[in-house]
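Here's a quick tour of a protein model, meant to be read with the structure open beside you. Take a look first, then follow along below.

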Amino acid sequence: MPLTTLQTNGNNDLYCPDGQNLVLIEGEDALVQEVRLAGLLRLGEDIFNTLSGVDYFGTIFAAHKDLDGFRVSLVNAITGFDDVISINQLTITDSNNQVIWTAEILTTYGTTTVTNGDS
């Protein structure tokens, strides 16, 4: 059964595209949205599962950034989805005190790219 979720906007907020109704998305679109959200979640912010997300506080917001630890945490979050087969490429850049990641992932729907950047 394909992943189904409510569509969010660019700020990860629920919204009504037609002004009246929420929209369900499924398949690859839902997976990309949920993988991106898992990468954006800071460990502990998900009140329903405090072990989900990426450990930003222990890796990125630490006195000395631990990009290797961040990579492991992000890989675990991405590969935790049943529809993700593997990560083909994961790029993490630290520029202007902002960590941007881009993952090319192989899914049951094909290959797709997910990022926390503006792309």
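## Fold at a glance

How many helices and strands does the protein have? Keep in mind that this is a predicted model. The count comes to three helices and five strands. Walk along the sequence and you'll meet them in the pattern β-β-α-α-α-β-β-β.

## Overall shape

The radius of gyration is 15 Å, which agrees with the value near 14 Å that a compact globule of 119 residues would have. If you box up the C-alpha atoms along the principal axes, you get roughly 45 × 30 × 30 Å.

As for contacts, take those with a separation of 6 or more: 36% of them are between residues 24 or more positions apart.

## The core

Buried residues make up 30% of the 119 in the protein. The largest nonpolar core has 18 residues, and the members that touch the most others are Val35, Phe70, Leu74, Ile78, Trp101 and Ile105. Two or more residues of this core come from each of α1 (28-40), α3, β3 and β4 (98-107).

Ile105 is a handy one to click on. Setting aside neighbours within four places in sequence, Ile105 is in contact with Val35 and Ile78, both also on the list of core residues that touch the most other members. Its other contacts are Val84, Ser86, Ile87, Asn88, Gly110, Thr111, Thr112 and Val114.

## One salt bridge

Which residue forms a salt bridge with Asp94? The partner is Lys65, with the closest N and O atoms 3.1 Å apart. The pair ties together distant parts of the chain, 29 residues apart: Asp94 sits in strand β3 (residues 84-95), while Lys65 is in the loop between α2 (56-59) and α3 (67-79). You won't find another, as the structure holds one salt bridge.

Are the two partners buried or exposed? Asp94 has a relative accessible area of 38%, so it counts as partly exposed. Lys65 is at 29% relative accessibility, so it is partly exposed as well.

## The outside

In total, the protein exposes about 7,300 Å², and 49% of that is supplied by carbon and sulfur atoms.

Where on the surface should you look for a nonpolar patch? Try Leu6, Leu14, Leu22 and Leu24, which form one with about 370 Å² of accessible area together. Of these four leucines, Leu14 lies in the loop between β1 (4-6) and β2 (24-26).

Conventions
Residues numbered from 1 in each chain as written. Predicted model: local features only at pLDDT ≥ 70, side-chain atom pairs only at ≥ 80, totals over all residues. Heavy atoms only, no water. Patch = residues over 30% accessible without salt bridge, like charges linked within 9 Å, V, L, I, M, F, W, Y side chains within 5 Å. Areas by Shrake-Rupley, 256 points an atom, 1.4 Å probe, with all protein chains shown as cover. Salt bridge = Lys/Arg side-chain N within 4 Å of Asp/Glu carboxyl O. Helix = DSSP H or I, 4+ residues; strand = E, 2+ residues; numbered from the N terminus. Buried < 20%, exposed > 50% of the residue type's maximum accessible area, 1.4 Å probe, protein only. Rg over C-alpha atoms; globule rule 2.2 N^0.38 Å. Contact = heavy atoms within 4.5 Å. Core = buried A, V, L, I, M, F, W, Y, C linked by side-chain atoms within 4.5 Å.
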